[in-house]
Amino acid sequence: MPITGEMLIGQSKVRGKAGQVWGVNAATGETLSPAFGGATPGDLDTACALASRAFDTYRETTPEHRAVFLETIARNILALGDALIERCMVETGLPRERLDSERARTVNQLALFACVLRDGRFQEARIDPARPGRTPLPQPDIRLRNIALGPVAVFGASNFPLAFSVAGGDTASALAAGCPVIVKAHSAHPGTSELVGQAIQRSVSECRLSEGVFSLLFDSQYSISQALVADHRIKAVGFTGSQRAGMALMNIAAARREPIPVYAEMSAINPVVLLPHALTERSGAIADAFVASLTLGAGQFCTNPGLILAVKSPQLTAFERAAIATLSAVPAATMLTRLTYESYCDGVAKLSAQPGVELLGRGRPGGRFQGQAALFATSAHAFLMHVALRDEVFGASSLIVRCPDISTLLQVLEALDGQLTIAVHACANDYPTLTSLLPTLERKAGRIVLNGFGTGVELSQAMVHGGPYPATSDPRTTSVGSLAINRFLRPVSYQDFAQALLPPILQGGNP
């Protein structure tokens, strides 16, 4: 499929007339053709009207029909072949191996939600039969199921151009729930977005669904993104990005005449706790694994380990020396965009200038737009005194906090904001200490990792990719795993309905 620079509004290809968005070669800064036209308010209105008209029909398609639809999207994404990967490599600077893996993840999460649909439990069907003889009052017949929330606005992420973007987890789970989706493509990879959007558009047609089930818009400024969230026909928002942008969307959604949920994944530094006996046993191995996690994908992961907490000791010193040695050999890597690179460099410079912060080591320097990894250290006292030390630096930068004892380490944990992940490295002799820390860890994070790092987010039934604010806007939810579908559903009860009027899932004859 050729890249045309056109938006996809229902089954139409539309040239936007409100400014232009250009793809950029992440490594060189060169502008890529074609130009992508930004949506006008009229384009947005058309997309929202189509989604609204499609909703009631689409939400009542059978789970099997929607499962086949998701599988068709996966097949059509794979059919894009090398054209998708090659365009994505240029726009993001990410290597082919990473993008091959991410495409597989995108396809697999579509398959996961197809399985969720066929399983059926997402509907939460509950039946309380009538008890006419109950005293003092008879009990009515009450039956419950989940239904789709309504059209959903999805904002693609910069750091995962496939798995958290046009056909990413937010889109897959919303479509599985029965919600039409309007995607606002991320300006960092517009060509990639259009190709994936074409695959979804084709799938809508092949599965004979209402055309308003999917649309893809480009925004040359911020006005269309803001208007999309404000539109009365949109009933929920999925977002992955910065805390500033996420909060802006949340404020718009809250100020509406009908406030709506914004499921925003925003900011985390993902602490790693190194307990004393584990450091004694394997400080070198932990250091090597830490550096690998820190520098994976130029550190551009929302689960990147940006903070190390440990008790000051000779074993911690050994860990630091090993980490410095390993880090010094790691080459700089191209970052997603010029702005991402500049923001990372600014964050590293600000961290270096903070009182009580020591630069321990850096990775190898690189060329234009290539982020050089950095490792810092500070005391627990300085960390607790200076709130700026808790800010996320998006990239391969991490800060070691040297604590005088476990009690102080717990104080540091208590001072942290909500996190996506917290990792703990422990051996059996550390378990009593870990047990005492667990209540705090559970309050602070959506996922707790033992003897590993949070940068691998598995697609599974039990995965939670979420956490207390500001990691996400709603700590009760996850954006990865089968439970992600729950964000776009709501319960409805049917009281004293005749069998013929009940939805099939609640009828007595449904096996």
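**Close-up 1. I147 and its partner across the strands.** In this predicted model, I147 stands opposite R490, a residue of strand β21. The strand that R490 belongs to, β21, covers residues 489-495 and runs antiparallel to β6. Seven bridges join β6 and β21, so there is plenty to follow here if you trace the pairing from I147 and R490 outwards.

**Close-up 2. Strand β6 and its other neighbour, β5.** Here we turn to the pairing of β6 with strand β5, which spans residues 126-128. The two strands pair in the antiparallel sense, over three bridges. A handy place to look is D128, which stands opposite I142 in β6.

**Close-up 3. How covered is strand β6?** Strand β6 takes in residues 142-148. Five of its seven residues are buried, and the strand is mostly covered.

**Close-up 4. The second largest pocket and its centre.** About 410 Å³ of space lies in this pocket. Its lining is made up of 21 residues. Those that lie nearest the centre are R98, F160, L296, G297 and F301, a good set of side chains and backbone to find your bearings by.

**Close-up 5. What lines the second largest pocket.** Which element gives the most to this lining? That is α4, with four residues. Helix α4 (96-119) and strand β14 (333-334) each supply at least two residues of the lining. Sorted by class, the lining of the second largest pocket holds 10 nonpolar, eight polar and three charged residues.

Key. Residues are numbered from 1 along each chain as its sequence is written. This is a predicted model: local features need pLDDT of at least 70, side-chain atom pairs count only at pLDDT 80 or more; totals for chains, interfaces and linings use all residues. Side-chain values use heavy atoms; hydrogens and water are left out. On a 1 Å grid over the protein atoms alone, a cavity is a set of points where a 1.4 Å probe fits but cannot get out, and a pocket is an open set with protein on both sides within 12 Å along at least five of seven lines; lining residues have an atom within 4 Å of a point. Grid points are joined across faces, edges and corners, and a volume is the space filled by probe spheres set on the points. Ala, Val, Leu, Ile, Met, Phe, Trp, Tyr, Cys and Pro count as nonpolar, Asp, Glu, Lys and Arg as charged, and the others, Gly among them, as polar. Buried means under 20% relative accessible area, exposed over 50%, partly exposed in between (1.4 Å probe, protein chains only). Two strands pair if DSSP finds at least two bridges between them.
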